[in-house]
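Thank you all for coming. I would like to walk you through one structure this morning, going slowly enough that anyone new to reading models can follow along on the screen.

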Amino acid sequence: MKRSKIAGIGYYVPERIVTNNELTAVMDTTDEWIQERTGILERRYGKKHQETTSSMGAAATRIACERAGIAPEEIDFIIFATLSPDYYFPGCGVLLQRELGITHKEVGALDVRNQCSGFVYALSIADQFVKTGMYKNVLVVGSEMHSMGLDFSTRGRNVTVIFGDGAGAVIIQPTDDPHRGILTSKLHSNGTYAEKLAFINPGSHGGYHFKKLGEEVDFGYPPDDTYGEIFLTPKMKDEGLYYPNMEGQFVFKMAVQKFPEVIHEALNEAGLKPSDINMLIPHQANLRISQFVQKILGLRDDQVWNNIQKFGNTTAASVPIALCEAYEAGRVKEGDLVCLAAFGSGFTWASALIRW
Ligand code: UT7
């Protein structure tokens, strides 16, 4: 079997910078709190009505294609990871295809809904397609337009201050070089804590999971025999029950456990150790999480890439944006061992080892 390699990489972030101080104007928060708890100084927000998750993904894709030396028309398959799609359906994969003007070839497009681990999952899917010889140029995109769906009142401050918009993309191609490419990827999930970090409305759940969990939550549903208004009830709109919610400390504790676990798992399989890593690209969830993981693995500062300070948490986009930045800074070079790792909602978590 062939190996897959990243042949081209690109990222795009919107121009508009939103500082912590700007957020203090609309909610009860402070620059000190945000910096101290998350490491974030600023994030980017897309232009309303002018940019979307798929259009930002297309911008990152154009750069990745150029670096891979291919035209967008040469893409054989599209995998798009996001939790903030333009539409509930269809997915962003087909919208990006249209945006790039490559609908004539009618290649397949797949959306991955794995939140923070979405890009690493998508990369692993691409790897399977490429190393089996099914496709030659697979596009993998992680993109998020969080700013359109956050609660900008004080009620949503624990979530809203963290997230930012942006996109990253890679072109995956086969390589004959047995020493290069994606060495392994490890994918995991555990749905036990699905609601601990979730965006549950609008949705078709009708309160089902909460009942099973023994929690009666009033979503304002109409009487049992009435259909309609299940997705989004007036009460949900009135009380802001259609925003993301997170039990931050719970998620934090799981994250610092699962990140090292899944990185060790990949390293063990490849017969490598943490000190062999030239660059760790952790999902940018919280600077404190990355620092904790760095310490546990015994890595130096120059072995870990952090950019949450500038971009906040961009969920599925955070790993490819960080990887691309490190690449552009000359900190990911041919022959380097790069480790990608992510943890988030689901919970889902994943790692990948790449010999660049
Ligand atoms: O990317 C997907 C995975 N996500 C993660 O891995 C995120 C993991 N969790 C975290 O990063 C952290 O838990 C947060 C940054 C979300 C929160 O930090 P924390 O240190 O765990 O704070 P907390 O939730 O325990 O809240 C502490 C206090 C609370 O006030 P009281 O109850 O102590 O009076 C919150 O109401 O901070 C308050 N608070 C805020 N204060 C100012 C929460 N958000 C804010 C805010 N500004 N934005």
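I will begin with the overall layout, then turn to some unusual backbone places, the ligand, the core, one helix, and finally a few loop residues.

Please keep in mind throughout that what you see is a predicted model. The chain is divided into domain 1, which covers residues 3–175, and domain 2, which covers 200–242. If you take the centres of domain 1 and domain 2 over their C-alpha atoms, you find them 29 Å apart.

Let me turn to the backbone, beginning with the cis peptide bonds. One of them runs from Phe89 to Pro90, with omega near -5 degrees, and Pro90 sits in the loop that connects β4 (77–81) with α4 (92–99). Another joins Gly346 and Phe347, where omega is about -10 degrees, and Phe347 belongs to the loop between β12 (337–344) and β13 (348–355).

There are also residues with a positive phi that are not glycines, and I would like to take two of them together. His49 has a phi of about 70 degrees and lies in the loop between β3 (42–45) and α3 (53–68), while Gln115 has a phi near 55 degrees and lies in the loop between β5 (108–112) and α5 (118–131). Which of the two words, buried or exposed, fits His49? His49 is exposed, because its C-beta atom has 6 others within 10 Å, and a residue counts as exposed at 12 or fewer. Gln115, by contrast, is buried, because 26 other C-beta atoms lie within 10 Å of its own, and the limit for that word is 20 or more.

Now to the ligand. Around the ligand there are 20 residues, and those that come nearest are Thr29, Asn158, Gly248, Ala285 and Asn286. Which elements give two or more residues to this shell? They are α2 (31–38), α6 (157–160) and α9 (248–270), and α9 gives the most, with five residues. When the residues of the shell are sorted by character, they divide into 10 nonpolar, eight polar and two charged.

Next, the interior of the model. The largest nonpolar core holds 98 residues, and the members that touch the most other members are Ile79, Val138, Val140, Ile281, Leu323 and Cys339. Val140 makes a good example to follow on the screen: once its neighbours within four places in sequence are set aside, Val140 is in contact with Ile79, Phe119, Ala122, Leu123, Ala126, Ala169, Val170 and Ile172.

Some of those names take us to α5, and this helix deserves a look of its own. It has 14 residues and reaches 20 Å from its first C-alpha to its last, close to the 20 Å expected at 1.5 Å a residue. The helix is mostly covered, since 11 of its 14 residues are buried, and Phe119, Ala122, Leu123 and Ala126 are among them. After α5 comes Gly133, whose phi is positive, near 90 degrees.

I would like to finish with three loop residues, each of which lies within reach of a residue elsewhere in the sequence. Thr314 has its place in the loop between α11 (308–311) and α12 (318–328), and it is buried because 34 other C-beta atoms lie within 10 Å. Thr314 and Ile162 are 152 residues apart in sequence, and yet their C-alpha atoms are 8.7 Å apart in space. Beyond its neighbours within four places in sequence, Thr314 is in contact with Glu144, Gly164, Asp165, Gly166, Gln284 and Ile321.

Pro72 lies in the loop between α3 and β4, and it also counts as buried, because it has 21 C-beta neighbours inside 10 Å. Its C-alpha atom is separated by 9.1 Å from that of Gln97, which is 25 residues away along the chain. Its contacts, again without the neighbours within four places in sequence, are Thr61, Arg62, Cys65, Leu100 and Ile102.

The last one is Asp176, found in the loop between β7 (166–175) and β8 (181–189). Asp176 is exposed, because 8 other C-beta atoms lie within 10 Å. Although Asp176 and Lys5 are 171 residues apart in sequence, their C-alpha atoms are 9.7 Å apart in space.

Key
Residues are numbered from 1 along each chain as its sequence is written. This is a predicted model: local features need pLDDT of at least 70, side-chain atom pairs count only at pLDDT 80 or more; totals for chains, interfaces and linings use all residues. Domain bounds come from an automatic or database domain assignment. Helices (H or I, at least four residues) and strands (E, at least two) are DSSP runs, numbered from the N terminus. A residue is near a molecule or strand if its C-beta atom, placed from the backbone, lies within 6 Å of it. Ala, Val, Leu, Ile, Met, Phe, Trp, Tyr, Cys and Pro count as nonpolar, Asp, Glu, Lys and Arg as charged, and the others, Gly among them, as polar. A nonpolar core is a set of buried Ala, Val, Leu, Ile, Met, Phe, Trp, Tyr and Cys residues joined through C-beta atoms within 7 Å. Two residues are in contact if their C-beta atoms, placed from the backbone, lie within 7 Å. The expected span of a helix is 1.5 Å times one less than its number of residues.
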